[in-house]
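Student: Could you take me through one part of this model slowly? I'd like to see how the rings and helices there fit together.

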Amino acid sequence: MKRPAALILVQTGTRSEPRRGLSGSGRSTMNVFNRDMKKRQKNWAATLQDGNQYDYLRDEVGGRVADRVYDIARTFPLALDVGAGKSHIAEHLSKVLWVCLDSEIPTQCVQADEEFLPFKENTFDLVLSSLSLHWINDLPGALRQIHQVLKPDGVFIGAMVGGETLYELRCSLQLAETEREGGFSPHVSPYTAVTDLGNLLGRAGFNMLTVDVDDVQVHYPGITEVMTDLQGMGESNCAWNRKSLLHRDTILAAAAIYNEMYGNEDGSIPATFEILYLIGWKPHESQAKPAKRGSATASFGDLSKINRPSPRET
């Protein structure tokens, strides 16, 4: 694969709050996340002087998405990166750090809401996204829009956080809050299950689907460092039903539970990020198609006879 001839980077932005509850297609949809809150969290994280130290997960996953682009033996004249952030995918495609400022690939940055892509139909040969789609309220609608802006035979390659992400933190907080406060509230955002992705991509119109899972485990000194890094990444919970504050006693109890249940021998604790990688193609007449039902010339029952010596040979 050759690098894209041109790249459009979509930086995260949101529409005004009264528009929430409507998808890009005008249909009503689930309203799980406060998108304005997520924008404020990311803007705050972007102001940190030492913000680069929190980019390790996005850099790692961005590189793995770029690897999947290189696996395709094709040239993509025009590509779109949805939720580009600091160009965590593009830096691996161009081998430079800041694509927006200095790149071998002609690049244009656009601030837009991932749920309302401002591009015409059949525009891009390639659409990319890394660790952005898990904060979208209308994921089916967003996938339909990505499908719409792709040219026929174009491909979407993405990565998003899966449902088992931070299960250690989630369980520890739930047990601690139940013990100290008599009940618990969600402190880790809900994420998409891998079993749902294939269906969502198919409903959006993609074919030749590939979905795979990769667990990235990061080790921290303690639970405080886990939550500090999530804030620095701009990945704090922004669900509408989140509890805004944790009591000190609950945090101390959660730290003890985390260490007891998941702690390593060296005193560190693991935090697991389940990363879901998805690839889908926009249909085109040139693509390979499955054979018609009933057109097989051999039976699965005959497979056991393959390479079996005949009676004469024995």
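Tutor: Here is a walk through a ring cluster and then two helix pairs. Keep in mind that this is a predicted model.

Let's start with the rings. A search of the whole structure turns up 6 aromatic pairs. One of them is F33 with W135, which is edge-to-face, at 5.3 Å centre to centre and with 80 degrees between the planes. Find the two on the chain and you'll see that this pair links distant parts: F33 is in the loop between β1 (6–12) and α1 (35–46), while W135 is in the loop between β4 (124–130) and α4 (139–149), 102 residues apart. Are these rings buried or exposed? Buried counts as under 20% relative accessible area. F33 has 5%, so it is buried, and W135 has 1%, so it is buried too.

Now stay on W135, as it has another partner. The ring centres of W135 and Y191 are 6.3 Å apart; their planes are at 70 degrees, so this pair is edge-to-face. It also links distant parts of the chain, with W135 in the loop between β4 and α4 and Y191 in the loop between α5 and α6 (194–204), 56 residues apart. Y191 is buried, as is W135. Put the pairs together and you get a cluster of F33, W135 and Y191, linked by ring pairs.

Those loops lead us to some helices, so let's look at α4 and α6 next. Their axes are 8 Å apart, and the two helices pack at an angle of about 50 degrees. That angle makes α4 oblique to α6. The crossing of α4 past α6 is right-handed. On the α4 side, the contact uses L139, P140, L143, R144 and H147; on the α6 side, L200, L201 and A204. Sorted by class, the residues of this contact are 6 nonpolar, 1 polar and 1 charged.

Last stop: α5 (residues 167–181) and α8 (residues 248–262). Their axes come within 8 Å and cross at roughly 130 degrees, which means α5 is oblique to α8. This crossing is right-handed. From α5, the contact includes Y167, L169, L173 and R180, and from α8 it includes D249, A253, I257 and Y262. The contact of α5 with α8 has 12 nonpolar, 2 polar and 6 charged residues.

Methods:
Residues are numbered from 1 along each chain as its sequence is written. This is a predicted model: local features need pLDDT of at least 70, side-chain atom pairs count only at pLDDT 80 or more; totals for chains, interfaces and linings use all residues. Side-chain values use heavy atoms; hydrogens and water are left out. Axes are lines fitted to C-alpha atoms, for helices over the stretch in contact, and angles run from 0 to 180 degrees between N-to-C directions. Helices (H or I, at least four residues) and strands (E, at least two) are DSSP runs, numbered from the N terminus. Angles under 35 degrees count as roughly parallel, over 145 as roughly antiparallel, 65 to 115 as roughly perpendicular and the rest as oblique. A crossing is left-handed if the near helix is turned anticlockwise from the far one by less than a right angle, and right-handed if clockwise. Contact means heavy atoms within 4.5 Å. Ala, Val, Leu, Ile, Met, Phe, Trp, Tyr, Cys and Pro count as nonpolar, Asp, Glu, Lys and Arg as charged, and the others, Gly among them, as polar. Rings of Phe, Tyr and Trp (its six-membered ring) pair if their centres lie within 6.5 Å; planes under 30 degrees apart count as stacked, over 60 as edge-to-face and the rest as tilted. Buried means under 20% relative accessible area, exposed over 50%, partly exposed in between (1.4 Å probe, protein chains only).
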